[in-house]
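Reader: I have a structure here and would like to know the reasons behind the labels people put on it. Could you take me through them?

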Amino acid sequence: MQERSNRWLKQESEESRRNYDIRVGRSTLFPFYKDTLTDMASRPFGQPLKWDEQPPEEWNQFLGDIDGTGKDITVFAREVLLNAIHRGMDYVLVDSEGGGDTANAQDNRRVYATRIDPLSMLDVRDESDENGKKHITYCRFVSSVSRRSK
């Protein structure tokens with residue numbers, strides 16, 4: 001902040017250069033927002049998530065590595081909450097690897113979840129079924145893939 005004082009700490013019209021330099025010299029910027037956000041999002045997840053009943057065996061891989069990068073459900077949920085507090089909302093796309101018939105639930109495809117930043121979401125459409133429950137029918141978001149060069 002001190003290095004960019006001409007942008008962030010404007011000199012008052014009646015302020016002498018000496019007084020302005022003193023004010024710039026004692027000005028600091030603390031990361032209160034980031035610290036508060038991190039603290040608030042971490043509190044509910046200080047302990048690993050627990051279940052009232054033991055989840056089915058086939059859920060263990062998903063709950064232990066929810067996004068394919070090694071994050072368990074607790075770490076992933078903390079990140080979702082942090083971003084939801086910061087942006088006001090957050091999206092999670094749950095999908096499975098591979099194609100094929102989605103009606104076949106016994107095909108052992110790897111299910112994973114991916115966070116989508118609300119600033120990347122372009123369009124979401126939903127429809128209600130006969131019971132009034134909403135189902136997302138269309139979702140469009142900006143995504144980028146980075147590849148390592150050899």
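Author: Happily! Let us begin with a term: a salt bridge is a side-chain nitrogen of Lys or Arg within 4 Å of a carboxyl oxygen of Asp or Glu. Please keep in mind that this is a predicted model.

Reader: What makes Glu15 and Arg23 a salt bridge?

Author: The closest N and O atoms of Glu15 and Arg23 are 2.9 Å apart. The cut-off is 4 Å, so the pair qualifies. A search of the whole structure finds nine salt bridges.

Reader: Why is Glu15 called buried?

Author: Glu15 has a relative accessible area of 17%. Buried means under 20%, so the word fits Glu15.

Reader: And what about Asp39 and Arg43: why is one called partly exposed and the other exposed?

Author: These two side chains also meet in a salt bridge, at 2.9 Å from N to O. Exposed means over 50%, so Arg43 at 65% earns that label. Asp39, at 37%, lies between 20% and 50% and therefore counts as partly exposed.

Reader: How do you know that the salt bridge of Asp90 and Arg115 links distant parts of the chain?

Author: Their closest N and O atoms are 2.7 Å apart. Yet Asp90 sits in the loop between α5 and β1, while Arg115 belongs to strand β2, 25 residues apart. Asp90 has 17% relative accessibility, under 20%, so Asp90 is buried. Arg115, at 24%, is over that limit but not over 50%, so Arg115 is partly exposed.

Methods: Residues numbered from 1 in each chain as written. Predicted model: local features only at pLDDT ≥ 70, side-chain atom pairs only at ≥ 80, totals over all residues. Heavy atoms only, no water. Buried < 20%, exposed > 50% of the residue type's maximum accessible area, 1.4 Å probe, protein only. Helix = DSSP H or I, 4+ residues; strand = E, 2+ residues; numbered from the N terminus.
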